[in-house]
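Q: I would like a close look at a single part of this model, followed outward to whatever it touches. Please take it step by step.

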Amino acid sequence: MTQPLDRLTETASQTGGPYVHIGCIPTFAGIEGVYPQDLGLSPITDGAKGQIITITGQVIDGTGWALRDALLESWQPDAAGLFPGQDEADPGVTGFCRFAADKDSGAFTLRTVKPGPVPMRGGGMQAPHISLWIAARGINIGLHTRVYFEDEDNSADPLLARIEQRNRVPSLIATTTGAGEYRFDIRLQGEGETVFLDI
């Protein structure tokens with residue numbers, strides 16, 4: 001017999017607090033031996049094909065402070081725009097990384113291979129991008145966004161084209177700071193607020 005569910009209410013969400021690091025990156029929290037190594041240390045392994053890049057930035061709150069307890073996860077294709085598991089995908093690109101902001105400065109760093117354009121079903125291409133998920137104290141539900149690159153042609157990307165407030169598109173574009181180096185700050189609210197995706 002099926003139990004009626006009309007009396008149950010949704011459990012309240014709560015912020016990640018300091019426990020998200022303990023569960024997801026225990027060595028970052030000073031806890032050794034939970035895993036042989038933390039999961040998702042790098043999205044690439046030795047021999048990954050393509051240009052190796054570094055993206056640095058901060059997660060900045062509405063007052064302008066960098067969050068020093070932010071945890072981020074990234075997911076991306078390889079240099080040919082293929083994801084792990086697809087035919088001919090680069091075995092040197094796992095596509096997944098879990099990393100944290102520095103405890104003192106709030107800066108994060110992602111070292112990876114620059115992704116290629118992603119083919120879409122039915123034709124067309126998405127511009128090269130990396131998907132990000134952000135969790136931290138004060139964020140009740142993890143935030144999703146994307147990183148695009150200013151030195152790529154983003155004009156035909158279908159996601160960027162759907163952003164009605166065109167002045168907000170630059171919040172998803174990483175700027176070039178050197179050869180293979182990019183800057184991408186995530187602003188949670190206020191001026192320059194990053195576009196977050198409801199997925």
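How many of the 5 residues of strand E2 (residues 71-75) are buried, and is the strand enclosed by the rest of the structure or not?

A: In this predicted model, strand E2 spans residues 71-75, and 4 of its 5 residues are buried, so the strand is largely enclosed by the rest of the structure. Part of its surroundings can be named through its strand pairing. E2 is joined to strand E3, which covers residues 96-100, by 5 bridges, and the two run antiparallel. E2 also pairs with strand E7 (residues 130-135), again in the antiparallel sense and over 5 bridges.

Individual residues show how these pairings are laid out. In the pairing with E3, tryptophan 75 stands opposite phenylalanine 96, while in the pairing with E7 the bridge partner of leucine 72 is isoleucine 134.

Tryptophan 75 deserves a separate look, since with a relative accessible area of 39% it is partly exposed; the cut-off for a buried residue is under 20%, which means that a value of 39% lies outside that class. The structure holds 3 aromatic pairs, and one of them involves this residue: the ring of tryptophan 75 and that of phenylalanine 83 have their centres 6.1 Å apart and their planes at 15°, so the pair is stacked. Another of the aromatic pairs is formed by phenylalanine 149 and tyrosine 182, whose rings are edge-to-face, with 5.0 Å from centre to centre and 70° between the planes. This second pair links distant parts of the chain, as phenylalanine 149 belongs to strand E8 (residues 143-149) and tyrosine 182 to strand E10 (residues 181-183), with the two positions 33 residues apart in numbering. Both phenylalanine 149 and tyrosine 182 are buried.

The ring of phenylalanine 149 has a further neighbour, for lysine 114 lies over its face at 5.3 Å from the ring centre. A comparable arrangement involves phenylalanine 28, over whose ring the charged end of lysine 103 sits, 4.7 Å from the centre.

For the surface, one can turn to a nonpolar patch of about 400 Å², which is made by Ile22, Ile31, Val34, Tyr35 and Leu39. Of these residues, isoleucine 22 has its place in helix H1 (residues 19-24), and because its relative accessibility is 40%, isoleucine 22 counts as partly exposed.

Methods: Residues are numbered from 1 along each chain as its sequence is written. This is a predicted model: local features need pLDDT of at least 70, side-chain atom pairs count only at pLDDT 80 or more; totals for chains, interfaces and linings use all residues. Side-chain values use heavy atoms; hydrogens and water are left out. Patches are made of residues with over 30% relative accessible area and no salt bridge: like charges are joined within 9 Å, nonpolar side chains (Val, Leu, Ile, Met, Phe, Trp, Tyr) within 5 Å. Accessible areas come from the Shrake-Rupley method with a 1.4 Å probe; for residues, only the protein chains shown count as cover. A salt bridge is a side-chain nitrogen of Lys or Arg within 4 Å of a carboxyl oxygen of Asp or Glu. Helices (H or I, at least four residues) and strands (E, at least two) are DSSP runs, numbered from the N terminus. Buried means under 20% relative accessible area, exposed over 50%, partly exposed in between (1.4 Å probe, protein chains only). Rings of Phe, Tyr and Trp (its six-membered ring) pair if their centres lie within 6.5 Å; planes under 30 degrees apart count as stacked, over 60 as edge-to-face and the rest as tilted. A charge sits over a ring if NZ of Lys or CZ of Arg is within 6 Å of the ring centre and within 35 degrees of the ring normal. Two strands pair if DSSP finds at least two bridges between them.
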